[in-house]
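Work through the two exercises below with the sequence and the coordinates at hand. Each task is followed by a solution that goes step by step.

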Amino acid sequence: MMRELADNILDIAQNSISAGASLTTIQVLISHEKNLVTLVFEDDGCGMPPEFVRAVTEPFTTTRKTRRVGLGLPLLRMTADMTGGSFSIESEVGKGTRVCVSFGLDHIDRPPLGDVSGAWFTLVFMNPELDFLLIYEVDGRRFEFDTRVIRETVAPLSLNEPEIAAWIRECISQEISQLHGGTFQ
Amino acid sequence: MKSLAELAAIRKRMLEQVNLRKDDNIDTRIVVGMATCGIAAGARPVMLEFVEELKRRGIENVTVAQTGCIGMCRLEPMVEVYVKDQEKVTYVHMSPDKVAKVVTEHIINGRPVEEYTIGYQG
């Protein structure tokens with residue numbers, strides 16, 4: 001069990017990276033009207049065959065077959081189920097994978113979102129050669145961070161050059177806290 | 001919104017610097033275990049603290065990288081420090097408040113922090 005949903009984000013995104021994705025889209029959608037926190041992961045990685053997709057949320061039947069999936073998805077699914085949310089996964093070999101998971105916003109068992117900006121920064125900093133489209137939405141107000149735009153702006157420098165990384169970290173963290181108009185757990 | 005113009009200015013300034021960070025200048029690597037086990041144990045704040053501490057001290061010849069499961073999940077968060085021409089040092093049960101000491105003692109002064117290492121705690 002992860003302490004924060006931000007940890008799940010980092011963990012599940014790692015699957016996309018291991019699948020050889022060049023672009024991974026991660027959305028964090030918060031809706032008070034629907035009373036849901038929804039996380040959507042989409043990648044253009046290698047995808048999975050149907051029988052593997054079916055088995056992928058079974059923790060102990062799949063871990064030994066490959067390093068690609070272990071406890072990450074089962075833990076995520078468990079948390080979603082516990083909080084009155086939902087979980088879905090679609091994948092096609094050669095095309096990519098989409099994971100959509102939601103949690104009851106006001107459910108007492110929902111883990112705090114935690115440091116989403118820290119998790120996103122970690123992904124960008126640790127994988128400077130990959131692209132991420134990061135979308136954060138609170139009741140329709142939206143922030144998009146696209147590493148393709150940043151990459152174009154700083155070329156030929158790498159996204160993990162210290163000063164550029166510092167700018168990225170500040171940008172993501174400011175924008176997210178502005179969407180919340182302060183703090184949010 | 002922070003402006004892209006600001007970012008472009010950073011780029012311009014960095015490109016003008018003569019001694020841009022190059023891979024052959026890197027003599028120390030800090031590797032954080034970031035598999036499901038590491039993340040669940042709290043690897044993310046540890047990794048972020050290393051990045052912050054190196055920035056605070058203006059250390060540029062050190063990279064922070066991640067690895068998968070190191071194989072001893074009960075000792076996570078684990079951090080391996082590779083200093084050029086020296087034996088690897090493995091730190092276990094790391095937390096953000098231990099990071100400053102590792103950077104000061106080990107990275108800067110070259111003395112591994114014994115009491116945080118796997119040999120001491122494992």
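**Exercise 1.** Determine what share of the contacts in chain B between residues at least 6 apart in sequence join residues at least 24 apart, and describe the fold of that chain.

*Solution.* In this predicted model, 63% of the contacts in chain B between residues at least 6 apart in sequence join residues that are at least 24 apart. Turning to the elements, chain B has 5 helices and 4 strands, and from the N terminus on they follow the order α-β-α-α-β-β-β-α-α. The C-alpha trace of chain B spans about 50 × 35 × 20 Å along its principal axes. Of the 122 residues in chain B, 43% are buried, while the chain exposes about 6,300 Å², with 49% of that supplied by carbon and sulfur atoms.

**Exercise 2.** Describe the interface of chain A and chain B, beginning with how many residues are in contact.

*Solution.* First, count the residues: 39 of chain A are in contact with 32 of chain B. Next, take the area, which comes to about 3,100 Å² buried between the two chains, 63% of it on carbon and sulfur atoms; within chain A, the residues that lose the most area to chain B are A:Met126, A:Glu163 and A:Trp167, together 22% of what that side buries. Then consider the polar terms: the count between the chains is 5 salt bridges, and the side chains of B:Arg44 and A:Asp7 meet in a salt bridge at 2.9 Å, N to O. Across the interface, 9 residue pairs are in polar contact, both at pLDDT 80 or more. Finally, assign the chain A side to its elements, where H7(A) gives the most, with 10 residues, and divide that side by residue type into 20 nonpolar, 8 polar and 11 charged.

Conventions
Residues are numbered from 1 along each chain as its sequence is written. Chains are lettered from A and ligands numbered from 1 in the order in which they are written. This is a predicted model: local features need pLDDT of at least 70, side-chain atom pairs count only at pLDDT 80 or more; totals for chains, interfaces and linings use all residues. Side-chain values use heavy atoms; hydrogens and water are left out. Contact means heavy atoms within 4.5 Å. Buried area is the accessible area (1.4 Å probe) that two parts lose on being put together, summed over both. A salt bridge is a side-chain nitrogen of Lys or Arg within 4 Å of a carboxyl oxygen of Asp or Glu. A polar contact is a pair of N or O atoms within 3.5 Å; within protein, one must be able to donate a hydrogen and the other to accept it, and residues adjacent in sequence count only if both atoms are side-chain atoms. Helices (H or I, at least four residues) and strands (E, at least two) are DSSP runs, numbered from the N terminus. Ala, Val, Leu, Ile, Met, Phe, Trp, Tyr, Cys and Pro count as nonpolar, Asp, Glu, Lys and Arg as charged, and the others, Gly among them, as polar. Buried means under 20% relative accessible area, exposed over 50%, partly exposed in between (1.4 Å probe, protein chains only). Accessible areas come from the Shrake-Rupley method with a 1.4 Å probe; for residues, only the protein chains shown count as cover.
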